[in-house]
Amino acid sequence: MLAHEAAAGDSAAFGVLVRRHQSKLRGFLLRMTRGNHALADDLAQETFLEAFRKIAQFGEGSFFGWLCAIAYSRYLMEARKRKLESLDETDEVAADAPEPETASLVRLDLEKAMARLAPAQRAALTLCFALGFSHEEAAAALNLPLGTLKSHVNRGREKLATMLDAWRIKAVS
Amino acid sequence: MSIDDLLYQPLTSVADDGFSGRVMDRVRASARRRLFAIVAGVAACVVLAFLLLPMRNIGTQLNLAIVQIASSTAVSIAAGVIILTLVLERQFSRL
């Protein structure tokens, strides 16, 4: 409803959409950029601007899903341009990961492990679990075939479990 | 805590801290630029039309056409019918 009002030229309606979705979108991009706040905010701003320019193209369905599709494609472009990370696999950990004082240790472990996954796996897991997308919605947002999306979810989940188990064993010993 | 419980945890909430305001400033600036580009484009087309088209001849032809239309019986009848229909429609709607 608000999206249709915004498409009709009501910038106040678009402002409401920005305020409503900014936290989740920035959270998603923060995870995608492995904790880089400045880059995540830049990408979120560009995402909202592109959404405003193309709002007439938004049809039915979830507006946030549509935003995530724009955000993910922007992220991929930026990652290729800046050579932020390999888009397949990576072993690097975010340099500016959340501090233990401000985030729980468990969440910190999760974020560290997430940072080691390939971007497509990270995005698939975040959309399907933390953001509650169905597999179909996540596949549409990431512009992937449904089978590929499910494979990213399964492989990412397995890798996370292996990494977290290994860290737990190391911490105990 | 199982891996699924961990994954289902919602993302860390990010405070607005003026972010929405900054986005809307850029949105408004972008809309202004787009409007300016449209107005400039239309103005350029109008100026080009004035420069390239034979406006005097067009003006004369237009005047002639208006006079012909105004003096046409068929057009007068059509205008009369439209006015009559509007008047009757108002009268009926009051009843």
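This is a short tour of a predicted two-chain model, from the fold of chain A to its contact with chain B.

**Chain A overall**

Let's start with the bigger picture. Chain A has eight helices and zero strands, so there isn't much suspense in the order of its elements: from the N terminus on, they run α-α-α-α-α-α-α-α. Of the chain's 173 residues, 35% count as buried. If you look at the contacts in chain A with a separation of 6 or more, 58% of them come from residues 24 or more positions apart.

**Two helices to compare**

H6(A) and H2(B) make a handy pair to set side by side.

| Helix | Residues | Span, first to last C-alpha | Expected span |
|---|---|---|---|
| H6(A) | 12 residues | 15 Å | 16 Å |
| H2(B) | 34 residues | 49 Å | 50 Å |

For H6(A), the span is close to what you'd expect at 1.5 Å a residue, and the span of H2(B) is also close to its expected value. Their surroundings are another matter. H6(A) is mostly covered, with 12 of its 12 residues buried. That list takes in charged and polar side chains too, including A:Arg122, A:Gln121 and A:Thr126, along with A:Leu125, A:Leu127 and A:Phe129. Just after this helix, A:Gly132 takes a positive phi of about 70°.

H2(B), covering residues 19-52 of chain B, is hardly covered: the count of buried residues among its 34 residues is three. Which residues of H2(B) are buried? They are B:Phe19, B:Val23 and B:Val27. Their spacing fits a simple rule: an α-helix has 3.6 residues a turn, so residues three or four places apart point the same way. As for what covers the buried residues of H2(B), this includes helix H2 (11-32) and helix H3 (37-53) of chain A.

**How H2(A) and H3(A) pack**

Those two chain A helices also meet each other. The axes of H2(A) and H3(A) come within 9 Å and cross at roughly 140°, and the pair is therefore oblique. H2(A) passes H3(A) in a right-handed crossing. On the H2(A) side, the residues that meet H3(A) are A:Phe14, A:Val18, A:Gln22, A:Leu25, A:Arg26, A:Leu29 and A:Leu30. Their partners in H3(A) include A:His37, A:Asp41, A:Leu43, A:Phe48 and A:Phe52. Sorted by class, the residues of this contact divide into 10 nonpolar, three polar and two charged.

**Where the chains touch**

Now for the contact between the chains. It takes 29 residues from chain A and 22 residues from chain B. On the chain A side, the elements that give two or more residues are H2, H3, helix H5 (105-115), helix H6 (119-130) and helix H8 (146-172). Which of them gives the most? H2(A) does, with 13 residues. By class, the side of chain A that touches chain B has 15 nonpolar, six polar and eight charged residues.

So H2(A) turns up in several places: H2(A) crosses H3(A), helps cover the buried residues of H2(B), and gives the most to the side of chain A that touches chain B.

**A last stop in H8(A)**

Finally, have a look at A:Lys150, which lies in helix H8 of chain A. Is A:Lys150 buried, exposed or partly exposed? A:Lys150 is partly exposed, because 16 other C-beta atoms lie within 10 Å, whereas a buried residue would need 20 or more. The C-alpha atoms of A:Lys150 and A:Glu136 are separated by 9.4 Å, and these residues sit 14 residues apart along the chain.

Note on methods. Residues numbered from 1 in each chain as written. Chains lettered and ligands numbered in written order. Predicted model: local features only at pLDDT ≥ 70, side-chain atom pairs only at ≥ 80, totals over all residues. Helix = DSSP H or I, 4+ residues; strand = E, 2+ residues; numbered from the N terminus. Expected span 1.5 Å × (residues − 1). Contact = placed C-beta atoms within 7 Å. Axes fitted to C-alpha atoms, helices over the stretch in contact; angles between N-to-C directions. Parallel < 35°, antiparallel > 145°, perpendicular 65-115°, else oblique. Left-handed = near helix turned anticlockwise from the far one by under 90°.
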